[in-house]
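Biologist: Please put the chain on the screen. I would like to go through it with short questions.

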Amino acid sequence: MALKQAPPLHYTNSQWQILQSLFELLPVLVAHLKVIFQQQQKVDYTEILLAASAALGQTENPSDLALAMDYQIQHLLIDEFQDTSTTQLNLIEKLTAGWQNQEGRSLFLVGDPMQSIYRFRKAEVGLFSQVQRHGIGIIQLQTLTLSVNFRSTLGIIDWVNQQFSQLLAITSNRQADTVCFSPATAYAPTQQQYAAVCTYWQQANDRDLAESTEAKQLVNIIQTIKRKDNQATIAVLVRARSHLRSILLALQDAAITYRAIAIDSLVDKSAVQDLLSLTRALHHQGDRIAWLALLRSPYCGLSLSDLYQITQFSPAKKSLSIWQQLQQFEKIPFNTATKTRLRRIVPVLQQSLQQQGRLSFTHWIKQTWLALGGPTTLSSWDEMDHVHAYLNFLENKIKQEGEALDFFNLDAELSHIYTQTTLALPTQAVEVMTIHQAKGLEYDHVILPGLHRRGRSEQSPLLLFSEKMFASHKKDFLLAPIKASHEDQDLIYNYLFNEEKQKNAAELTRLLYVACTRAKQSLHLLGTLSCETAGELKSPTPNSLLSQFWPIMKNKPQPIVASTIKNTLRFPQQSLLKRLASDWQAPLSPQLDLYQNQNTISLPEIKSAAYSYQWQLYPERALGIVIHQLLFQISQEGLGKWDKQKIPSAQSLFVGLLTQQGLLTTQIPWALAQLNTCLKKTLTDARGRWLLSQHHQAAQSEYAITALINDQPQNLVIDRTFIDANTGIRWIIDYKSSDYQGHQAEEFLNLAKQQHQQQLNTYAQALLLDSKYSNNSMIRCGLYFPLTSLWCEWEFTVANINAAIDG
């Protein structure tokens with residue numbers, strides 16, 4: 001049988017061609033990943049591990065750090081060694097490469113192979129037996145087996161010994177990731193107060209019925225335990241968080257306090273989902289899904305038919321955004337209640353969009369949510385905690401990533417943030433968690449519901465590999481990519497995939513072992529079985545925990561409920577939608593004063609400032625972005641294509657660019673007039689035409705570079721840089737879209753230079769790091785204001801950098 005399942009001796013030509021391509025592609029992908037790590041200033045655990053291993057050099061050629069650590073480290077203790085990965089073992093080998101036997105050093109490895117349950121983190125339990133037999137390097141290890149169990153009662157220990165001695169292998173097999181069973185003995189046999197192991201099997205072909213009756217039985221178990229000992233510790237352990245829906249509802253109905261550890265994801269909370277829709281809608285007016293979700297939220301409360309009417313409204317057959325359609329809602333044939341809603345909602349959103357850029361982003365979202373009546377739709381203080389948690393998350397993300405924040409990825413990141421219950425918890429509240437979270441913990445009573453439920457189905461990864469160690473310390477490595485879509489099968493990939501399935505099945509048995517051995521006094525197992533047409537019980541679903549030990553259960557317990565039992569568990573009514581009344585009005589009218597605070601800057605205040613270019617409200621920022629886009633386009637197309645007739649004929653283009661930046665319809669005329677003035681002045685200004693000329697040498701516009709400045713990687717974008725053909729001077733130019741209308745231009749330019757000199761000096765410093773630009777004998781920097789044709793310049797020298805650092 002083993003020979004029949006063995007892979008072929010050689011790769012086919014097509015397989016080898018794919019592998020050679022992967023050998024070239026994978027290093028490039030790793031390099032790109034490292035660049036992303038640097039850009040986001042984040043790393044994962046694997047990167048930390050690889051960096052530590054690289055810092056130690058090679059086993060045959062250790063680095064200075066490895067030699068220094070070899071001198072300092074005398075004793076090395078490694079816990080949880082059964083969950084070691086190949087990469088981690090490689091690091092341990094490097095740390096102990098120079099060790100010799102009998103020189104006074106010690107290597108102490110602690111672990112239980114029967115509790116290895118982290119294959120998803122690349123843990124290989126087979127490494128435990130490999131090291132146990134062959135040692136690490138020249139270090140030979142002495143095995144010490146501990147068999148005394150200080151935790152569980154004699155009844156549980158005997159049951160575990162009896163069951164798992166049949167489930168776990170007699171001998172270890174690294175290829176299948178199987179480990180041999182090691183029986184335990186009780187430290188001090190005590191009088192048994194509870195039945196050690198209780199099994200509860202029920203027959204039900206209806207999934208909802210099965211969930212509700214099992215949850216009710218779980219509540220009965222907890223109540224029985226608490227009547228005997230209210231101080232006993234109880235844990236409910238499940239394989240996956242998704243298995244807890246009915247259980248948590250049943251605990252709430254029975255008024256049983258519980259502590260759910262990393263169970264409820266923040267993204268699953270309805271209040272957070274509504275806030276996320278509001279965030280994305282305000283951030284981008286073209287996000288149709290977010291706008292429709294916002295209008296469907298409880299504080300807007302439009303029906304599906306209302307949303308359909310909005311999306312179908314298109315006067316003059318124009319393509320409009322949802323917000324543009326909303327602004328004309330009076331023309332849409334809504335019913336009276338919907339129009340009443342929109343007469344409240346649309347003014348709030350108009351006021352909010354007018355404040356864009358005047359408040360911090362998070363405060364802007366929060367104030368809009370308040371004005372729409374968000375708090376009124378919450379049903380508990382827990383939901384308010386969820387809202388605060390989301391706003392804190394959003395604030396931190398903006399601080400960390402700024403404009404690089406990907407708003408479309410927020411829901412994925414929120415899925416990894418878990419809520420904490422705010423119930424008044426007594427000391428001995430029921431603990432609810434996954435089996436993986438319970439590893440290393442112990443409880444008086446452990447309940448394992450849903451043993452019949454499957455985990456995730458096994459997917460076919462793009463790439464599979466297997467590494468084996470032989471007694472001679474030689475390693476064998478086998479690699480196979482997934483088969484092409486037109487191929488029937490790939491024998492090598494199939495072999496590795498079957499090997500993975502065997503390893504996963506072996507780990508599933510160990511996962512069940514870990515769950516059962518958390519119990520001190522009693523263990524309760526619950527599962528559901530369905531019946532064949534003839535009335536016989538079906539075998540448990542493959543890949544379920546129940547399927548692991550069901551074949552060895554000699555005495556099948558009677559079902560605890562009949563299939564005709566009624567579902568008495570309260571489930572939320574999915575058809576009921578929570579929304580504000582159509583005539584609801586906010587206690588505080590959502591007028592402009594709702595948004596006024598100490599951080600708000602009004603337009604008159606800005607224009608009276610001597611250095612108004614520092615403050616850019618949203619319309620001005622949007623205008624600045626479009627100005628940069630058009631100056632870039634002119635520099636690429638050439639001044640010859642941008643004559644007096646070009647600007648009047650490009651008005652539709654300008655309006656489109658301004659609309660893309662999210663400007664309101666009322667803001668477009670002002671921005672369009674400013675844009676026309678800017679382009680006319682620049683194209684008639686001698687200096688403006690000189691800056692955009694195509695006659696320069698080595699000219700670049702919107703030039704993006706990455707440079708290591710002061711040992712920190714920086715991503716920079718230079719608006720315009722070139723070498724003047726007449727003077728040989730390298731120029732670095734930055735466009736500023738401020739519109740200065742005062743009478744102190746010299747003072748304004750001096751302040752502008754102070755504000756931005758270091759920025760342009762950094763550009764120059766970055767260019768000099770590139771050998772293509774390092775030969776420039778002179779570099780000058782300049783600020784150009786296309787709205788006013790104002791200009792200031794200075795020469796860049798190394799002294800500029802030193803002065804900036806000293807300052």
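Modeller: Start with a term: two strands pair if DSSP finds at least two bridges between them. Helices (H or I, at least four residues) and strands (E, at least two) are DSSP runs, numbered from the N terminus. This is a predicted model, where local features need pLDDT of at least 70 and side-chain atom pairs count only at pLDDT 80 or more, while totals for chains, interfaces and linings use all residues. Residues are numbered from 1 along each chain as its sequence is written, and side-chain values use heavy atoms, with hydrogens and water left out.

Biologist: How many helices and strands does the protein chain have?

Modeller: Count the runs of each kind along the protein chain. The totals are 28 helices and 17 strands.

Biologist: What percentage of the residues in the protein chain is buried?

Modeller: Buried means under 20% relative accessible area, exposed over 50%, and partly exposed in between (1.4 Å probe, protein chains only). The protein chain has 807 residues, and the buried share is 45%.

Biologist: In which sense do E1 and E2 pair?

Modeller: E1 covers residues 75-78, and E2 covers residues 106-109. His 75 stands opposite Ser 106 in E2. Over 4 bridges, the sense of the pairing is parallel.

Biologist: Which side chains of E1 point to the buried face?

Modeller: Side chains alternate along E1. His 75 and Leu 77 point to one face and are not buried. Pointing to the other face, and buried, are Leu 76 and Ile 78.

Biologist: Which helix joins E1 and E2 in a β-α-β unit?

Modeller: The unit is right-handed: with the strands pointing away from the viewer, the path from the first strand over the helix to the second runs clockwise. Glu 80 is found in the loop between E1 and the helix, and its phi is positive, near 55°. The helix of the unit, residues 86-95, is H5.

Biologist: Is Glu 80 buried, partly exposed or exposed?

Modeller: Its relative accessible area is 37%. Because of that value, Glu 80 counts as partly exposed.

Biologist: Which helix gives the most residues to the largest nonpolar core?

Modeller: A nonpolar core is a set of buried Ala, Val, Leu, Ile, Met, Phe, Trp, Tyr and Cys residues joined through side-chain atoms within 4.5 Å. This core has 52 residues, and Leu 278, Leu 294 and Tyr 390 touch the most other members. Several helices each supply at least two residues, including H11 (288-296), H14 (336-354) and H16 (381-401). With 7 residues, the top contributor is H10.

Biologist: How many residues does the other core have?

Modeller: This core lies apart from the largest one. Among its members are Val 179, Ala 438, Leu 448 and Leu 512. Its number of residues is 39.

Biologist: Which strands do the buried residues of H9 pack against?

Modeller: H9 spans residues 245-253, and its buried residues include Ile 247, Leu 248 and Leu 251. They pack against one helix, H8 (207-228). They also pack against the strands E6 (234-238), E7 (258-260) and E8 (430-434).

Biologist: How many residues lie between E16 and E17 in their hairpin?

Modeller: E16 and E17 pair in the antiparallel sense over 7 bridges, with Ile 779 opposite Phe 796 in E17. Ser 789 is in the turn and has a positive phi of about 65°. The residues between the two strands number 4.

Biologist: Why is E17 called largely enclosed?

Modeller: Look at how its residues are covered. E17 is largely enclosed by the rest of the structure because the buried ones number 5 of the 7.

Biologist: With which side chain does the side chain of Trp 791 make a polar contact?

Modeller: Trp 791 sits in E17; at 13% relative accessibility, it counts as buried. Its contacts (heavy atoms within 4.5 Å) beyond four places in sequence include Arg 687, Trp 731 and Leu 749. A polar contact is a pair of N or O atoms within 3.5 Å; within protein, one must be able to donate a hydrogen and the other to accept it, and residues adjacent in sequence count only if both atoms are side-chain atoms. At 2.7 Å, the partner is Glu 793.

Biologist: What distance separates the C-alpha atoms of Leu 9 and Ile 492?

Modeller: Leu 9 is in the loop between H1 (2-5) and H2 (13-40), and at 81% relative accessibility it counts as exposed. Leu 9 and Ile 492 are 483 residues apart along the chain. Their C-alpha atoms are separated by 9.3 Å.
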